[in-house]
Amino acid sequence: MAHTADAVIIGGGAMGASVACHLARRGFGRVQVLEREALCAGSTGRSVASVDLLAQQPSVAALQVRSLRAFQQSCELYGDECGWVQTGMAVLAGADSADGVRDVVRVVSAAGGNIELLSPQAYRDIEPASVCDEAEVISWAPEGGYLDPVLLTNTLMNAARALGATLHQSEPVTELLCTGDRVTGVRTPTREIAAPIVVVAAGPWTADFLRPAGIELALRPNRHEVALLACPSAASPRISILDFVHLLYARPETGGLTVCGSLDMAAGYEWIEAGAECPTPSMEYGMWVWERMVARFPGMQRGELRKGWSGPVTMSPDTQPLLGRLPLEGLYCACGFSGAGLKIAPAVGEQLAALIAGDAAAMEALHPLRPSRFAEGQPLHNRYTWGSLG
Ligand SMILES: Cc1cc2nc3c(=O)[nH]c(=O)nc-3n(C[C@H](O)[C@H](O)[C@H](O)COP(=O)(O)OP(=O)(O)OC[C@H]3O[C@@H](n4cnc5c(N)ncnc54)[C@H](O)[C@@H]3O)c2cc1C
């Protein structure tokens, strides 16, 4: 029997689930999500899932602010929890990065985000366990926090299913089907599915998947290592931080744990092939992170290192996502989130579904993030790069 769908989504991570949910809401009745392994088998299941309200591109800041509201109202919007925990988020940087911090505050505020500059004393009042130099420049987003990436993805997928979408696990898409310059469906090991719309949300596998169809996206998977520290609660962070002085991030976790890691591409990051093993971080890396945590939270000296984890992120050339049409009619992608996709997942699905449905406002909003910007020689200009707010 011939299989047909209104839309096929390749990949059952947070993005695939979000696109499915919002396409279903827009009346695409038969949406099929095809997942090579299981829901959350890629980056999503290994995410730190911090929502930091750090953005320098207005288009991405808008996605963040919109998504934050979705995390806060997950039950009302999607019918179930996403594990949202509001901790507040401080960004700390040296005086040489003052312009970078002010720029983030300006861009995020303009998008409607709640963020302000904080004096070192006000920061220490909020986070007494932390030391902070008088010369440091600090932003504070009281609504920042973190969520449960697996719960979010299941909630979005269940919302999509309630509207008729279906999830097919252990079913990899092996080929795009095309006629002329139009996508007509996909092939899997067991069937062909005819569909006028195909969305590639295949995380680290995206570039390899599209290459046989003659579409080159300069995406590179990178394995990032996450450390876990167990410390007395009085000495541990109560809030989430991005620390550009010590090149470190940290957020609280349940069970007296702190999730933390490097913002320095030279430590805890490694270029990999899609699908490469993601082993437990080395003791050496754990010590690297711990030493820097102690420099910021001196009482953590009394803690102990626990087993962390690692996972793949998908870097784009300008570290901003690729959202929108690909060169074949009917073919779209949501990829290249460069280690920062979870915090925008609800709005990515909402906006991409709107774009697919022909909504002019969504087309305009996503235009800066169009995948063709690289071929057009118009990558986004970032004021700061990975690990630097200078
Ligand atoms: C260690 C780590 C920390 C992170 N921290 C943060 C953070 O603090 N904040 C934040 O916002 N983001 C963070 N991220 C990034 C965030 O998790 C990702 O941007 C997001 O999960 C990407 O979701 P996705 O759905 O695009 O990709 P994925 O979750 O990778 O999903 C893609 C799916 O596609 C499937 N697939 C691939 N090829 C095929 C095929 N041919 N057929 C069918 N299925 C296929 C895969 O199995 C996979 O399940 C972090 C990521 C990692 C790994």
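1. Two strands pair if DSSP finds at least two bridges between them; strands (E, at least two residues) and helices (H or I, at least four) are DSSP runs, numbered from the N terminus. With that in hand, here is a short tour. This is a predicted model, in which local features need pLDDT of at least 70 and side-chain atom pairs count only at pLDDT 80 or more, while totals for chains, interfaces and linings use all residues. Residues are numbered from 1 along each chain as its sequence is written, and side-chain values use heavy atoms, with hydrogens and water left out.

2. A good place to begin is strand β15, which covers residues 220-230. Is it buried or exposed? Of its 11 residues, 10 are buried (under 20% relative accessible area with a 1.4 Å probe, protein chains only), so β15 is largely enclosed by the rest of the structure.

3. Which strands pair with β15? Strand β20 (residues 304-315) runs antiparallel to β15, and 10 bridges link the two. To find this pairing on screen, look for Ala230, whose bridge partner in β20 is Glu304. Strand β18 (residues 257-262) is also antiparallel to β15, with 5 bridges; here Val226 has Gly261 of β18 as its bridge partner. Strand β19 (residues 269-271) adds an antiparallel pairing of 3 bridges with β15, and in this case Arg223 faces Glu270.

4. Arg223 also helps to place a residue beyond the end of β19. Glu273 sits in the loop between β19 and α8 (283-296). Glu273 and Arg223 are 50 residues apart in sequence, yet their C-alpha atoms are 9.2 Å apart in space. At 60% relative accessibility, Glu273 counts as exposed (over 50%).

5. Arg251 makes a nice contrast with Glu273. Arg251 belongs to strand β17 (residues 248-253), and with a relative accessibility of 3% this arginine counts as buried. Its side chain makes a polar contact with the side chain of Glu253, at 3.2 Å. A polar contact is a pair of N or O atoms within 3.5 Å; within protein, one must be able to donate a hydrogen and the other to accept it, and residues adjacent in sequence count only if both atoms are side-chain atoms.

6. Next comes a smaller piece of architecture: an open sheet of 3 strands in the order β4-β9-β5, with antiparallel pairing. Its edge strands are β4 (50-51) and β5 (85-86), each of which pairs on one side only. Between β5 and strand β9 (residues 145-146) there are 2 bridges, and Val85 has Tyr146 of β9 as its bridge partner.

7. Just past β5, Gly88 lies in the loop that leads to β6 (89-93). This glycine counts as buried, at 0% relative accessibility. How many residues separate Gly88 and Pro237 in sequence? The two are 149 residues apart along the chain and 11 Å apart in space, from C-alpha to C-alpha.

8. For the ligand, 37 residues lie around it (each with a heavy atom within 4 Å). Glu35, Ser43, Thr44, Ser50 and Lys343 come nearest. Several backbone atoms are worth zooming in on. A backbone N or O atom of Arg36 lies 2.9 Å from a nitrogen atom of the ligand, and one of Leu34 is 3.5 Å from a ligand nitrogen. On Ser43, a backbone N or O atom is 2.9 Å from an oxygen atom of the ligand.

9. Strand β21 (322-325) is the last one to visit. Its partner is strand β22 (residues 331-335), joined to β21 in the antiparallel sense by 4 bridges. Leu323 is opposite Ala334 in β22. The two strands form a hairpin with 5 residues between them, and Gly330 in the turn has a positive phi of about 90°.

10. The second largest pocket brings us back to β21, which gives the most to its lining, with 4 residues. Helix α10 (360-366) likewise supplies at least two lining residues. The lining has 20 residues, and Arg325, Leu326, Arg370, Pro371 and Ser372 lie nearest the centre of the pocket. By type, 13 are nonpolar, 4 polar and 3 charged; Ala, Val, Leu, Ile, Met, Phe, Trp, Tyr, Cys and Pro count as nonpolar, Asp, Glu, Lys and Arg as charged, and the others as polar. A pocket here is an open set of points on a 1 Å grid over the protein atoms alone where a 1.4 Å probe fits, with protein on both sides within 12 Å along at least five of seven lines; lining residues have an atom within 4 Å of a point.
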